Amino acid sequence: MFCKNCGVKMNDNAAVCVSCGVAKGTGNNFCFNCGSKVDPSVAVCMNCGAPINGSVSAPNAKSKMAAGLLGIFLGAFGVHNFYLGYTGRAVAQLLISVLSCGTLAVVSEIWGLIEGIMILCGNINTDGQGNPLGE
């Protein structure tokens, strides 16, 4: 993976570029897949065909539909937040439901239902690492 801002090779697990300090996935000057200089107005990299600026879903993008439906139907257990990589929120929802022996599960379910609707409406549009959600 390459920094989209400066084009320097990045560690796949890095949250920020060590060269320029921007967050992973931020910028539109270079291809994240091959590091080639790109025109920000194009849909795909002319060198490798990778999507530019979210015009086409990245190959590892989490599904917006899956995340939204998980939130609506399994929100009491935080499954949608585990899926998106928001583990802190997910653990909180799971613990509220489990440690209360289900008596407070309705609180977590309402929380999950609201987040599921927000995901499907586009108000939540990135995963836990800041990557845009795919269709």
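**View 1. Helix α3 crosses helix α4 in a left-handed sense.** The model shown is predicted. Helix α3 spans residues 87–99, and helix α4 spans residues 105–121. Their axes lie 7 Å apart. The angle between the two helices is about 145°.

**View 2. Residues of α3 meet residues of α4.** From α3 come Arg89, Ala92, Gln93, Ile96 and Ser97. From α4 come Ala105, Ser108, Trp111, Gly112 and Glu115. By type, this contact holds four nonpolar, four polar and two charged residues.

**View 3. Arg89 and Glu115 form a salt bridge.** Their closest N and O atoms are 3.0 Å apart. Arg89 belongs to helix α3 and Glu115 to helix α4. The pair joins distant parts of the chain, with the two positions 26 residues apart in numbering. A search of the whole structure finds one salt bridge. Both partners also appear among the residues where α3 and α4 meet.

**View 4. The charged end of Arg89 sits over the ring of Tyr86.** The distance to the ring centre is 4.1 Å. Arg89 thus appears in two views: it lies over Tyr86, and it forms the salt bridge with Glu115.

**View 5. Lys62 lies over the face of Tyr83.** Here the distance to the ring centre is 5.5 Å. As for rings paired with rings, the structure holds zero aromatic pairs.

Notes
Residues numbered from 1 in each chain as written. Predicted model: local features only at pLDDT ≥ 70, side-chain atom pairs only at ≥ 80, totals over all residues. Heavy atoms only, no water. Axes fitted to C-alpha atoms, helices over the stretch in contact; angles between N-to-C directions. Helix = DSSP H or I, 4+ residues; strand = E, 2+ residues; numbered from the N terminus. Left-handed = near helix turned anticlockwise from the far one by under 90°. Contact = heavy atoms within 4.5 Å. Nonpolar A, V, L, I, M, F, W, Y, C, P; charged D, E, K, R; others polar. Phe/Tyr/Trp six-rings, centres within 6.5 Å; stacked < 30°, edge-to-face > 60°. Lys NZ or Arg CZ within 6 Å of the ring centre and 35° of its normal. Salt bridge = Lys/Arg side-chain N within 4 Å of Asp/Glu carboxyl O.
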